[in-house]
Amino acid sequence: MTDVLIIGSGPAGLSAAIYAGRAGLDVLVLDSNAYTPGQICESERVDNYLGFYGISGYDLSSKFLEHAREMGTVFSEGKAVKLKKTSMGWTIRIDGEREITSKTVIFAGGAEHKKLSVKGEVEFAGRGVSYCALCDGAFFSDQDVAVVGGGNAALDDALYLSELCRKVYLIHRREEFRGFADTVKQIRAKSNIEITTPHRLTAVEGTKMVEAVILEDGTRLAVSGVFASVGMEPATELLKGIVQLDETGYVIAGESCVTSAEGIFAAGDVRRKNLRQVATAVADGANAAMSAAEYIKTHQV
């Protein structure tokens, strides 16, 4: 039996591993791909993580992984498919074949951006196609960009980018937006935001980088960047019926990362919160590890 099983090897999981290890706990990190730490690998350049200005997402994630290894973190490759509470902690079934027992579980499985599923999206991901305006918006200063989506996330991204970019096309498949009316009002008041509704995006075009988007009626809009803001999906299928989730599937847990289930903690993008960034994931990992250490000490498991 291990003290802490961490599911997920992204920034939250690796941060938790380092803090738990320094607390003198036996730690095991489990991931279906334990050597590719998180979505940050997809970012061509990271400018908003303290101390690592201008680093690529791949290089930053490699440093996270190297740090965890140097601290003695043990990794295991596999997918957790079932959690079962026991008198001593939790039993985790992996790939339907083997089992691991642990006193506590830190779940850091992350969340995935919903894709546009249009031609060119995959090809230009990280080369003009982005899923995070806050992360990548500054790279498109004084350029023309497109935001795709109709909810609050898309509206907020359009407003944010309007302060950086020359022009923002806000593309939505329906005439009306799903976001807050007050935000829509702000959007309409912006001279450099062009509302493009009702239209579906059908393709992203370019050579080495994004150069344009194509709408279903054949309209071609020349842009340097495309921001997909159509929502995220937390990877919390494993936790259904075990911990309390909100209506969108995110784990309900405060800054301590304590969930509704004894001995299970949630860290990173799976947790319900306002900001999902590398910095907040790393902070969650530290908090979750300390909460797990306190749980083990208090319950003497």
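This is a short talk on one protein model, going from its overall build to a few residues.

Okay, before anything else: what we have up here is a predicted model. Let me start with the whole chain. The secondary structure comes to 6 helices and 17 strands. Along its principal axes, the C-alpha trace spans about 65 × 35 × 35 Å. What about the radius of gyration? For 301 residues, a compact globule would come out near 19 Å, and the protein has 21 Å, so that agrees.

Now, inside versus outside. Of the 301 residues, 52% count as buried. The protein exposes about 14,700 Å², and carbon and sulfur atoms supply 48% of that. As for the contacts, take the ones between residues at least 6 apart in sequence: 57% of those join residues at least 24 apart.

Let's go to the interior and pick out Ile106. That residue lies in strand S6, which covers residues 98-107. Is Ile106 buried or exposed? Its relative accessible area is 0%, and since anything under 20% counts as buried, Ile106 is buried. And who does Ile106 touch, once we skip residues up to four places away in sequence? There's Val4, Leu5, Ile6 and Ile7, then Ala16, then Phe265 and Ala267, and finally Ala288, Ala289 and Ala292. Ala16 is a nice one to look at in that list: Ile106 and Ala16 are 90 residues apart in sequence, yet their C-alpha atoms are 7.9 Å apart in space.

Over to the surface. Leu134, Tyr160 and Leu275 make a nonpolar patch of about 250 Å². Where does Leu275 sit? You'll find Leu275 in the loop between strand S17, residues 264-266, and helix H6, residues 278-299. Why does Leu275 count as partly exposed? Because its relative accessibility is 41%, and partly exposed runs between 20% and 50%.

One last stop, and it ties in with that loop residue. Thr280 is found in helix H6. Leaving out residues up to four places away in sequence, Thr280 touches Lys273 and Leu275. So what joins the side chains of Thr280 and Lys273? That's a polar contact of 3.4 Å. And Leu275, the other residue that Thr280 touches, is the one we just met in the nonpolar patch with Leu134 and Tyr160.

To recap the two ends of the tour: Ile106 in strand S6 is buried at 0%, while Leu275 is partly exposed at 41%. That's my bit, over to you.

How values were computed:
Residues numbered from 1 in each chain as written. Predicted model: local features only at pLDDT ≥ 70, side-chain atom pairs only at ≥ 80, totals over all residues. Heavy atoms only, no water. Patch = residues over 30% accessible without salt bridge, like charges linked within 9 Å, V, L, I, M, F, W, Y side chains within 5 Å. Areas by Shrake-Rupley, 256 points an atom, 1.4 Å probe, with all protein chains shown as cover. Salt bridge = Lys/Arg side-chain N within 4 Å of Asp/Glu carboxyl O. Helix = DSSP H or I, 4+ residues; strand = E, 2+ residues; numbered from the N terminus. Buried < 20%, exposed > 50% of the residue type's maximum accessible area, 1.4 Å probe, protein only. Rg over C-alpha atoms; globule rule 2.2 N^0.38 Å. Contact = heavy atoms within 4.5 Å. Polar contact = N/O pair within 3.5 Å; in protein donor to acceptor, adjacent residues only side chain to side chain.
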